[in-house]
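Hi,

Here is the structure I said I would pass along. Have a look at it first, and my notes come after.

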Amino acid sequence: MVIRFLTNYLMMILLLVPFVGLGQSIQISAKEIAVKSLLAELESKSKVNFIYSDLGNSLEKKIKLTNQSGTVRQLLNDVERQSDLRFTINKQDIIIRRLTKSDPSVKQVSIEGRVIESGSTLALGYTTLQLRSKRDTSHVYRTVAGSDGRFVFVAVAKGQYILQASYIGYLSDRKELNLQSNQDITMVLKSENRLVEEINVTAMEQKGMATSSVIKREAIEHMQATSLTDLLSLLPGGQSVPPSLNAPNLIRLREANAPVGADYAISSLGTLFVIDDMPISTDANLQAMNVAISGTDQGGKQYVNAGMDMRGIITDNIEKVEIIRGIPSVRYGDLTSGVVKIDRLLQPLPLEARFKLDQFSKLFALSKGVKLAKNWLVVGDFTYLDGKRNPVNPLENYDRYTASLRAEKYWGKKDEKQLRWRLSADYTGQFDDWKQDAEQLAGDLFLEQGKYRLSYKSMGFSSRLSLKQPKKILRQIEFNANLKYSIDYIYREMYPNNTQERGIIPLSLTPGVSEAIVLPGKYKATHEVDGRPFNAFATLRGDLAFHTGFLTHNGQIGTEWRMDKNYGAGQLFDIARPINNSFGVRPYRFDRIPANQHFSYYVEDRISLPKIAGSQLHIQAGLRGGMMINLDKAYSLNGKIYNDPRVNIQLALPAIRVQGSPLNFTLTGGIGWLSKMPTMSMLYPDIVYQDFVEFKHNNVKPEYSYSQLRTYIEDRVNYNLSYTRNKKKELRVDAEWKGHLFSVTLFDELLTNGFRSMDEPKAYYYQYYGMLNVPTYGQRPDLTNMPYEERTVFRGVTRRTNGSQLSKQGMEFTFTTPRYPGIATRFTLNGAYFKNGYQNSLPMWFLGSSRNNPVVDGVIVFDNYAAYYPNWQDGFDRSRTSTSFTADTYIKQHGLTLSLTAETYWKGKNDQYANNPEYPSYYLTTDNVLHPYTEADKSHRYLQYLFYPDEYSGIYLDNKSLTTLHFRGSKDFGKWLRLSLFVLNFADITPHYNNYQGVRVKDASTAPYFGMELKLKL
């Protein structure tokens, strides 16, 4: 229905254009043409009449048209620019006169300027501007500001004009101009929902092409945030929770109770973070004890293939954050979920010190911005955070240090900044410590004490050079470059106790038979991971603005190159003294892994049609493509180009008068594809050693002990691994009436080839000697003539595949009132319904588990058989409905800002996939033959045990509702001191409910979390 409506709308425009008089689009026979011939064509192809007397040779002058097709007004503008003729329009009659030297209108002027938001310096891109002559009201110039808010009118005849700027959700700015020379003008638009308020302490839903929320500086300060994680509660469906500083903070957009684990980490991995127009890459992060197999450690402190850790993103230097959840511009790539776009402060600032203290952390921040010269600005900041998981436990803590220095220099006029150069240097240090001592581990036979230390130290340098050309089609050219080098380190220390059962450990680094050593009873074991990620990024891009007929175009084109490399020494440990005596792992160097390189390109156009009957249509369409380079030819991705088309359409409907005020509606919809390339550890996993014990004999005298292993080395590279791709569809309705704003978004996302680790069965041969004919005391075993049993068994080889499916459907909404003057309060209600599906998209093998590993007559069944399930669904559905209601009060004369928020969790569901086949469709034997599983096999001596226990199937319906109350407040004492405090969960409402077993229960109250901060400005 929506597509049909938009199609009819476009047809209506095409039918109406030939009858709009001077707005009629006309095709001229030649681009270089005499004035007389041009006028004749205009009279024959339109309804206008030219009236003139003696014009001398002016009619014979040849002119060059800017465009061969255009409106009558546009074509006459070309004549005026290149001749001494001027046109006066009186309905359908156009009077032509010839200028004399004394005529004050001989020369033409130009107008340049910028559109910004009232109360800030934020540019309002794509604002519609109209310049209308006061003498001739039909003489109108129109244009649309670029993405940076800049606009230009060229070749404007001298005279008196009215300039008007219009933007949805803002009051129009109107200025009367007497144009006698070139002018530079700043248009300031005031938000319709900020007419009686000075600050906004909640996220603001944008009315742009992509669904997004903007969190500005005033909201960040009111939140008293420790890291970017704290700001996510402002999003529709977000929740306020105490900080978790002892584990990575990962972002999960539009998800309800997102699962933990590598199989569905694509949601956080596929969220792109952009800081000052520089994308941040984590693809070279290999910091885990066992990188390619698990991706994370059991303690949850390590994160590989999981995206950005938001603990390291400070909020003290942020001007605004835009979180794009919808279909982003093609300018943003290598993502599947969304974009977090951060703009940092770059303006003169007083010396500002911030001190924050809460139950789990202490924070100190210092910043200063200095204007060194007329066109030279420098801003610096430093922060320190000391966080603990438990305030009374000093053995586990998280520390963060950050420092940043940013500078900007520009050449040209002050307001134009035609040539601008921005530089930045940044340092971030994160230190995650964990310790155990003997008192904590009393009675533990395997660990006397332990230490764990994880540190990330990164240094980054970026340069952004931009050239603005307001009078040209290529309005802006920009070259950005960024270099980042990190020193990542993990140190783990343990003291294993093997006095009860002394194990053996392999030493061989080559395939074949080798001797194993016996581990000592007690020893010190250390494991280090040395990573040195290096990321390089460069982009060349341009913004364009031009007209074709009655269409206004604002486009962008660009190319990007990115490299990720890790120069670290990798996994470092003594294989004779391991942390544990598990087989399969050996030291592994990171610097031997080839670099990942990406090349991409994009082109996009935003087309704005003229207003017709009060409605206007905007179409944004773009294509992003790219490929991985520097790949071996064996990879299927080598030379493979991907293309992601994205389209957003927005229709502003005519206003409806309600109680004397306009009610404005805007419809926005779109569809787009977003792709994410594999990371380094996915493309180049470490090799795995399959070790099989053939003989084991421990003697009280070490010289008489002997154990023998057979080792296989497996290359776990999946050369068919491809990029993962998400398909997004959205429909949004925005409404505004007297400062009341309402927005509702319906979305549907489907990703069918997410990254996932899956086991494949492989048969291995070895000789088992057992304990037969063990030599007598005083001799070392000799296996030369010892009998043995030949065995062939299955083991799983884990490889990264495109085997996960993730779906997201739901609704988001936001309703905001104006600030009511009588109570100085504004109300905001937002919420969301999320429904997510998680499952495998490829067939699965089952090789036994801790809950199902049957042994029949001494034979391990899954050593000899592997079960194959082509239709097994290993996943679940999750849903959640939640709302947030905020009342915020701002009393300017007292410097007081207060907010009270009620967050309600209404309903949720966790549906584990049920009705899966218990028995496999096929089974594999060690001779590599695949057999169909029949009914008779269910009574077979061994095959009857080949079943996957569907132990988690069923529906868990969460019937509970929970409301928590949160308070935040701040008081300004003059201009130099602010005192703030917050209390999360200071009260809650937890009614009784029936749990999934039908039992009437009531949850315990949520523990409060509180803190305060002091801010000084000097």
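Below is what turned up, starting with the cavities and then moving to strands, surface and salt bridges.

One thing to keep in mind throughout: this is a predicted model.

Cavities first. Counting those of 30 Å³ or more, the total comes to 13. The largest has a volume of about 730 Å³. Its lining takes in 41 residues, and the ones nearest the centre are Ile280, Met308, Thr428, Ser458 and Lys484. If you want to find the walls by element, those that give two or more residues to this lining are β19 (278-280), β21 (338-344), β25 (396-411), β26 (419-436), β27 (447-468), β28 (474-496) and β32 (533-548). Of these, β27 gives the most, with seven residues. As for chemistry, the lining of the largest cavity splits into 17 nonpolar, 16 polar and eight charged residues.

The second largest cavity holds about 440 Å³ of space. Around it are 35 lining residues, with Leu272, Pro279, Gly333, Asp334 and Arg562 nearest the centre. The elements giving two or more residues to that lining are β18 (271-275), β19, β32, β33 (551-566), β35 (596-608) and β36 (616-629). You will recognise β19 and β32, which also give two or more residues to the lining of the largest cavity. By class, the second lining has 16 nonpolar, ten polar and nine charged residues.

Now the strands. Which strands make up the open sheet that includes β30? The order is β29-β30-β41-β40, with antiparallel pairing. The edges are β29 (504-505) and β40 (688-697); each has a single partner strand, so one side of each has no neighbour in the sheet. At the β29 end, the antiparallel pairing with β30 (residues 512-518) runs over two bridges, and Ile505 has Ile517 in β30 as its bridge partner.

Further along the chain, β52 (residues 922-925) is worth a look. On one hand, β52 pairs with β49 (residues 865-869) in the antiparallel sense over four bridges, and Ala866 stands opposite Leu924 there. On the other, β52 pairs with β53 (residues 930-932), again antiparallel, over three bridges. In that pairing Leu924 stands opposite Leu930. The hairpin of β52 and β53 has four residues between the strands, and Asn928 takes a positive phi near 65° in it.

On the surface, there is a nonpolar patch of about 500 Å² made by Phe355, Phe973, Leu979, Leu981, Met1012 and Leu1014. Two elements give two or more residues to this patch, namely β56 (977-989) and β59 (1009-1017). Phe973 sits in strand β55 (residues 962-973).

Last, salt bridges. The whole structure has 61 of them. One to pull up is between the side chains of Lys134 and Glu176, at 3.3 Å from N to O. Lys134 is in the loop between β9 (128-133) and β10 (140-144), while Glu176 is in strand β14 (residues 173-179), so this pair ties together parts that lie 42 residues apart in sequence.

That's the lot from me. Shout if anything is unclear.

Cheers

Conventions. Residues are numbered from 1 along each chain as its sequence is written. This is a predicted model: local features need pLDDT of at least 70, side-chain atom pairs count only at pLDDT 80 or more; totals for chains, interfaces and linings use all residues. Side-chain values use heavy atoms; hydrogens and water are left out. On a 1 Å grid over the protein atoms alone, a cavity is a set of points where a 1.4 Å probe fits but cannot get out, and a pocket is an open set with protein on both sides within 12 Å along at least five of seven lines; lining residues have an atom within 4 Å of a point. Grid points are joined across faces, edges and corners, and a volume is the space filled by probe spheres set on the points. Ala, Val, Leu, Ile, Met, Phe, Trp, Tyr, Cys and Pro count as nonpolar, Asp, Glu, Lys and Arg as charged, and the others, Gly among them, as polar. Two strands pair if DSSP finds at least two bridges between them. Patches are made of residues with over 30% relative accessible area and no salt bridge: like charges are joined within 9 Å, nonpolar side chains (Val, Leu, Ile, Met, Phe, Trp, Tyr) within 5 Å. Accessible areas come from the Shrake-Rupley method with a 1.4 Å probe; for residues, only the protein chains shown count as cover. A salt bridge is a side-chain nitrogen of Lys or Arg within 4 Å of a carboxyl oxygen of Asp or Glu.
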